[in-house]
Amino acid sequence: MRPRNGCKTYRQQLYERLVRKIVFGEYPAGCELPSMGQVAEQHGVSRSLVKQVFGDLAREGMILNRNGQPALVRPPSNDRQELVMVALRNLNFEYGDGPWGWQVLQAVSRELLSANIPQVNIPFERMKDEMWRNLSSGIILFHDHIFQEGRTLAQEWGKPYVSLRAFVNEPGPNTVYVSYRGAAEQIACYFLSGGVKSVVNIVTGQRLHEKLSAVDPCHRFHDTFRMLTASGNVSPDKIVFLRSPGIFVDPGPEVEKLLEHLPRPIGVLTDSDYISSKLALMAIRMKLRLKKDIMIVGGSGLPEAGDWSPALTSCRIPFDELAGSAVRILAEQWKRGVNIVGPVGVPTSLTIRET
């Protein structure tokens, strides 16, 4: 196999050839692929390169690699012809890149599999390849920063699409998003029940809100702050907004100093369960009593937060419902022959644990 026009590697060429064979039925769903040695011989490449391509296909959900057995084309159990393309920030998206997004991606894969719809995961820059215009029948956009460009491309192609978003103040069509209002109101009630007199809000990946007046409906926990200040228990100048450069970053000495001087009880709210968990450990080291001197809530809703020590009070985010809504929006577009379906907000709630 020779590089075509000198612009694609052997790996890219073999990958695209095998994708076409799978999608167009030469390797039908549920069948065993030829061995790596056979594929290498058929295409004139090394066995190690075939192994790399099989790994790519497995990561993208098109085949199942099985120890000691031939790889299996991912098997839908009916005759559906849809192929959903999931556009990611990068192909090797793992838990450490974003636990919330990883949970959603796993839920999407489970939902598509249960609906017998083949799935291929691709990095967003490859979404623009002409091959995918012909092969895909629907697109799931997976990160906020690719939403606008991805939506434009899907509309140009006339393809059904849906965007999965963590939070959006004014959702557009074909959008599934997390509606934080229920959890936000419950957080306010939780803090008020504990007599909270001051609040620290740590945000990641967005602009720093320096004053309460800067907190508008674009903040996912706007209703929390609105209810706290309306109650008279927490004055606006006792709500402090801080910014963290990342979801796994340890709270610094400035946070510890702040906790020492703020009126207690203190309510702490972050959009990262990991940061909230580290704050809980910091509070214990500072001899602050959880739920007495300080109440801590995480906002990313990770299921594993209930197994941490101390078990974290956190928003409950129904990841399977998010994924199911996304697939239903695609199905509605296929059924009706239209590419515009109203937005769907998936409600959240608060799960109270040890913090």
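The dialogue below goes through several features of a predicted model.

Me: Which strands make up the open sheet of six strands, and in what order?
Reply: The order is β4-β3-β5-β6-β7-β13, and the pairing is parallel. The edges are β4 (119-123) and β13 (344-347), each of which pairs on one side only. On average, neighbouring strands of this sheet are turned by 25° against each other, with direction ignored.

Me: How many bridges join β7 to β13?
Reply: Four bridges join them, and the two strands run parallel. As one example of the register, Val178 has Val346 in β13 as its bridge partner.

Me: Which helix lies across β3, β5, β6, β7 and β13?
Reply: That is helix α11 (residues 319-336), which runs at about 165° to β6.

Me: What is the direction of β12 relative to strands β11 and β14?
Reply: Strand β11 (residues 294-298) and strand β12 (residues 313-316) run parallel and are joined by two bridges. On that side, Gly298 has Ser314 in β12 as its bridge partner. Strand β14 (residues 349-351) runs antiparallel to β12, with three bridges between them. There, Arg316 is partnered by Ser349 in β14.

Me: Which residues of helix α6 are buried?
Reply: Start with the general idea. An α-helix has 3.6 residues a turn, so residues three or four places apart point the same way. In helix α6 (residues 147-157), the buried residues are Phe147, Gly150, Leu153, Ala154 and Trp157. Viewed down the axis of α6, these buried residues fall within an arc of 135°, so they line one face of the helix.

Me: What do the buried residues of α6 pack against?
Reply: They pack against β3 (84-88), α5 (130-135), β5 (138-141), β6 (161-165) and β7 (175-179).

Me: Which residue follows α6, and what is the sign of its phi?
Reply: Gly158 follows the helix, and its phi is positive, near 70°.

Me: How many salt bridges does a search of the whole structure find?
Reply: The general idea is that side chains of opposite charge can pair when their charged atoms come close. The search of the whole structure finds eight salt bridges. One of them joins Arg66 and Glu32, whose closest N and O atoms are 3.0 Å apart. This pair links distant parts of the chain, with Arg66 in strand β1 (residues 63-66) and Glu32 in the loop between α1 (10-23) and α2 (36-43), 34 residues apart. Arg66 is partly exposed at a relative accessible area of 26%, and Glu32 is also partly exposed, at 47%.

Me: Where do Arg226 and Asp223 lie, and how far apart are they along the helix?
Reply: Both are in helix α8 (residues 222-231), and because they are three residues apart, about one helical turn separates them. Their side chains meet in a salt bridge, 2.9 Å from N to O. Arg226 counts as partly exposed at 35% relative accessibility. Asp223, at 14%, counts as buried, since the cut-off for buried is under 20%.

Me: What parts of the chain does the pair of Lys278 and Asp250 tie together?
Reply: The side chains of Lys278 and Asp250 meet in a salt bridge of 3.2 Å, N to O. Lys278 lies in helix α10 (residues 273-285) and Asp250 in the loop between β9 (239-244) and α9 (253-261), so the pair ties together parts 28 residues apart in sequence. Lys278 is partly exposed, with a relative accessible area of 23%, whereas Asp250 is exposed, at 54%.

Me: Is Phe221 buried or exposed?
Reply: Phe221 is buried, with a relative accessible area of 1%. Phe221 is found in the loop between β8 (198-204) and α8. Leaving aside residues up to four places away in sequence, Phe221 touches Tyr180, Ala184, Ile187, Leu269, Thr270, Gly299 and Cys315. From Phe221 to Glu185 the C-alpha separation is 8.4 Å in space, against 36 residues in sequence.

Me: Where does Gly172 lie, and is Gly172 buried or exposed?
Reply: Gly172 lies in the loop between β6 and β7. At 19% relative accessibility Gly172 counts as buried, because the limit is under 20%. The C-alpha atoms of Gly172 and Ile340 are separated by 9.7 Å, although their positions lie 168 residues apart along the chain as a sequence separation.

Notes: Residues numbered from 1 in each chain as written. Predicted model: local features only at pLDDT ≥ 70, side-chain atom pairs only at ≥ 80, totals over all residues. Heavy atoms only, no water. Pairing = 2+ DSSP bridges. Buried < 20%, exposed > 50% of the residue type's maximum accessible area, 1.4 Å probe, protein only. Arc of directions from axis to C-beta. Contact = heavy atoms within 4.5 Å. Salt bridge = Lys/Arg side-chain N within 4 Å of Asp/Glu carboxyl O. Axes fitted to C-alpha atoms, helices over the stretch in contact; angles between N-to-C directions.
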